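Please follow this chain from its interior outward, beginning with what holds the middle of the fold and ending with a few residues whose backbone deserves a second look.

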Amino acid sequence: MRVLIIGAGALGGYYGACLVRAGGDVTFLVRPVRAEQLRRDGLQVVSPHGDFAVQPKLLLARDLKEPFDVVLVGVKAYSLDDAMDQFAPAVGAHTMVLPILNGLKHIDALTARFGAARVLGGLANVSAGLDADGRVVQFMANQTVVLGEIEGMLSERALALETLLQVPGIDVRASETIMHDMWEKFVQLSTVAGSTCLMRASIGDILAVPNGEQFIFRLFAECCAVATASGFEPRAPFIEFDRKLFTTQGSPLKASMLRDIERGSITEAEHILGDMANRALTLGIDTPLLDLARAHVAAYEIGRRRAVG
């Protein structure tokens, strides 16, 4: 299958580079500055599993003229509207659009633009970012992709995508419960982002302070309550996994949202914390810690815009 990766940032860059290394027919849709950098230096990945580099095929939006079999969307949520305009020519009658963005709001945007039949559900569990040299740096060893039909069946095309992504560097699973999976990731991310952004600290550092663990789990409970009221009660294996995640002493885990704050960048706060808080409000669920975290990052955004404007 011919695959178009939207962007070559942390998500698209990592998974796309793994596919290129394995011999996949992969093209990256990038902006001119990133294209120049990648042509000069290649797409470099720094990983706990071993560093590597590939020379990717690149396209600029103005040169995109024909459909692809798969469009893998891994941009930041605040870039989605522009990205949809740019990759629209790549979406044909039989194109599969696989988003691996954080959160849930993007599913509605993609289905409204391209039709529900073309859009799958998906999530990525990889901790990565771009360094000052444009290299993709994988901070932790996790590298999972979960995908599936939003309606909940295990279709032939989902299984075909699973096969396509079964390459070194990607742990992939096709799921019959992708929306439940995405809701659990939404809960986890809201908890990690809310706690680490509010405290401006890693999970390990939060655990090291008085009542730090209680704070994390109170926020976790608020987000779980929203998921449950929405019809996606977090399942026992997920709860157990996150209990271990949130009690690992010395953990360096930070949300990518906090990394964005630390370098003075725009964040996905409204797409994640704001969306979760709005759903809670609609459902009549009290979420004081979530609301505080949302307000904290929103205030940062106001100051950031003032500083750059």
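A nonpolar core is here a set of buried Ala, Val, Leu, Ile, Met, Phe, Trp, Tyr and Cys residues joined through side-chain atoms within 4.5 Å, and a residue counts as buried when its relative accessible area is under 20%. The model is a predicted one, and in it the largest such core has 47 residues, those with the most contacts inside it being Val187, Met257, Leu273, Met276 and Val297. At least two residues of this core come from each of the helices α6 (178–199), α7 (203–207), α8 (212–229), α9 (236–245), α10 (256–262), α11 (269–283) and α12 (288–308). Among these helices, α6 gives the largest share, with 11 residues. A second core, separate from this one, has 40 residues and includes Val3, Val30, Val54 and Ala128.

Leucine 273 shows how the larger core is knitted together locally. When residues up to four places away in sequence are not counted, leucine 273 touches Ser190, Ala193, Gly194, Met257, Leu290, Ala293, Arg294 and Val297.

With the cores in place, the chain can be viewed as a whole. Its secondary structure comes to 12 helices and 10 strands, and its C-alpha atoms fill a box of roughly 55 × 40 × 40 Å along the principal axes. What would be expected of a compact globule with 309 residues is a radius of gyration near 19 Å, and the chain, at 19 Å, agrees with that expectation. Buried residues make up 53% of the 309 residues, while the area that the chain exposes is about 13,600 Å², of which carbon and sulfur atoms supply 53%. Of the contacts with a separation of 6 or more, 69% are between residues 24 or more positions apart.

Two helices illustrate how burial is arranged along a single element. In α2 (residues 32–41), the residues Arg34, Ala35 and Leu38 are buried. Viewed down the axis of α2, its buried residues fall within an arc of 100°, so they line one face of the helix. The face turned away from that buried side carries the exposed residues Pro32, Val33, Glu36 and Arg40. The cover over the buried residues of α2 includes β3, β5 (57–59) and β8 (121–130). Just after α2, glycine 42 takes a positive phi of about 75°.

In α3 (residues 80–87), the buried residues include Leu80, Ala83, Met84 and Phe87. Down the axis of α3 the buried residues again fall within an arc of 100°, so they line one face of that helix. They pack against β1 (2–6), β2 (25–29), β6 (68–73), β7 (91–99) and α4 (105–114).

Strand β3, which was met above as part of the cover over α2, spans residues 43–46 and holds glutamine 44. Glutamine 44 is partly exposed, with a relative accessible area of 27%. Leaving aside neighbours within four places in sequence, glutamine 44 is in contact with Phe52, Ala53, Arg135 and Val136. Serine 230 lies 186 residues from glutamine 44 along the chain, and the C-alpha atoms of the two are separated by 41 Å.

What of the cysteines? A disulfide is a covalent bond between the sulfur atoms of two cysteines. For a pair to count as one, the two sulfur atoms must lie within 2.5 Å, and by this rule the count comes to 0 disulfides. The cysteine sulfur closest to that of cysteine 224 belongs to cysteine 223 and is 7.2 Å away, which is too far for a bond. Cysteine 224 is buried, with a relative accessible area of 11%, and cysteine 18 also counts as buried, at 0% relative accessibility.

The last stop is the backbone. Most residues other than glycine have a negative phi. Arginine 200, in the loop between α6 and α7, has a positive phi near 50° although it is a residue other than glycine, and with a relative accessible area of 43% it is partly exposed. Asparagine 211 is found in the loop between α7 and α8, where its phi is positive, at about 65°, although it is not a glycine. Asparagine 211 is exposed, with a relative accessible area of 54%.

Conventions: Residues numbered from 1 in each chain as written. Predicted model: local features only at pLDDT ≥ 70, side-chain atom pairs only at ≥ 80, totals over all residues. Heavy atoms only, no water. Buried < 20%, exposed > 50% of the residue type's maximum accessible area, 1.4 Å probe, protein only. Helix = DSSP H or I, 4+ residues; strand = E, 2+ residues; numbered from the N terminus. Contact = heavy atoms within 4.5 Å. Arc of directions from axis to C-beta. Rg over C-alpha atoms; globule rule 2.2 N^0.38 Å. Areas by Shrake-Rupley, 256 points an atom, 1.4 Å probe, with all protein chains shown as cover.
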